[in-house]
Amino acid sequence: MIKIISEKEYRAIQERVEELLADSDNIENPEAKGFVELNLLSDMVADYEESHFPVLSPSLPEAIKLRMNERGLTQKALSEFLGVSTSRISEYLNGKSEPTLKIAREISRELDIEASIVLGV
């Protein structure tokens, strides 16, 4: 497979992808003139972005804060939910301490955070 090797090529191919996306037929109809080109170029862009702009997993404090926000939980509510003190929650959120294995399991299960993030693996 041909790969994008420079930022200039990346920008040019991105522009072409945008042009092809403007015609919905290129997206939905495998018989359309731009369908194959769009798919090939999109794959090239995705490969380039994956190697040059990797998406990193969030840290445990970031993941907990996100879930708290999504669920409308305060530190006090989270501490009651997990059965730990509010000061302990504060330590987790500030990265000053790591949860015990038991609490890590609860965080993963109750907040739906991947175990690899909770365990820092």
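**View 1. Arg16 sits partly exposed on helix α1.** At 31% relative accessibility, Arg16 counts as partly exposed. This is a predicted model, so keep that in mind for every view that follows. Arg16 belongs to helix α1. Once you skip the neighbours within four places in sequence, the contacts of Arg16 are with Glu37 and Leu41. His52 is another matter: Arg16 and His52 are 36 residues apart in sequence, and their C-alpha atoms are 20 Å apart in space.

**View 2. Tyr10 and Tyr48 make a stacked pair.** The structure has three aromatic pairs in total. In this one, the ring centres of Tyr10 and Tyr48 are 4.6 Å apart with the planes at 25°, so the pair is stacked; the cut-off for that label is planes under 30 degrees apart. Tyr10 lies in helix α1 (residues 7-21) and Tyr48 in helix α3 (residues 35-52), so the pair ties together parts that are 38 residues apart in sequence. Are these two residues buried or exposed? Tyr10 is buried, with a relative accessible area of 7%, and Tyr48 is buried as well, at 6%.

**View 3. Phe53 joins Tyr10 in a tilted pair.** Stay with Tyr10, which is buried at a relative accessible area of 7%, and look across to Phe53. Their ring centres are 5.9 Å apart and their planes meet at 45°, so this pair is tilted. Tyr10 is in helix α1 and Phe53 in the loop between α3 and α4 (60-71), so the pair ties together parts that are 43 residues apart in sequence. Phe53 is partly exposed, with a relative accessible area of 44%. Put the three rings together and you get one aromatic cluster, made of Tyr10, Tyr48 and Phe53.

**View 4. Leu60 is a buried residue of helix α4.** Leu60 is found in helix α4, and at 8% relative accessibility it counts as buried. What is Leu60 in contact with, leaving aside its neighbours within four places in sequence? The partners are Glu98, Pro99, Ile107, Ile117 and Val118. Asn29 is 31 residues from Leu60 in sequence, and the two C-alpha atoms are 43 Å apart in space.

**View 5. Glu80 and Lys96 are two exposed charged residues.** Glu80 lies in helix α5 (residues 75-82) and is exposed, with a relative accessible area of 54%. Its C-alpha atom is 49 Å from that of Gln14, with the two positions 66 residues apart along the chain. Lys96 sits in the loop between α6 (86-93) and α7 (101-111). Lys96 is exposed too, with a relative accessible area of 69%. If you want to link this view back to View 1, Lys96 and Arg16 are 80 residues apart in sequence and 48 Å apart in space, C-alpha to C-alpha. For the charge tally over the protein, there are 14 positive and 23 negative side chains, and the centres of the two sets lie 11 Å apart.

**View 6. Asp112 has a positive phi.** The phi of Asp112 is positive, at about 55°, although the residue is not a glycine. For background, most residues other than glycine have a negative phi. Where is Asp112 found? Asp112 is in the loop between α7 and α8 (115-118). With 53% relative accessibility, Asp112 counts as exposed.

**View 7. Stepping back, the protein is built from eight helices.** The protein has eight helices and zero strands, so to speak a plain α-α-α-α-α-α-α-α when read along the sequence. The C-alpha atoms fill a box of roughly 60 × 30 × 20 Å along the principal axes. The radius of gyration is 22 Å, whereas a compact globule of 121 residues would have one near 14 Å. Buried residues make up 30% of the 121 residues. Of the contacts with a separation of 6 or more, 51% come from residues 24 or more positions apart. The accessible surface comes to about 8,500 Å², and 52% of that belongs to carbon and sulfur atoms.

Key: Residues numbered from 1 in each chain as written. Predicted model: local features only at pLDDT ≥ 70, side-chain atom pairs only at ≥ 80, totals over all residues. Heavy atoms only, no water. Phe/Tyr/Trp six-rings, centres within 6.5 Å; stacked < 30°, edge-to-face > 60°. Helix = DSSP H or I, 4+ residues; strand = E, 2+ residues; numbered from the N terminus. Buried < 20%, exposed > 50% of the residue type's maximum accessible area, 1.4 Å probe, protein only. Rg over C-alpha atoms; globule rule 2.2 N^0.38 Å. Contact = heavy atoms within 4.5 Å. Areas by Shrake-Rupley, 256 points an atom, 1.4 Å probe, with all protein chains shown as cover. Lys, Arg positive; Asp, Glu negative; His and termini not counted. Charge placed at Lys NZ, Arg CZ, Asp CG, Glu CD.
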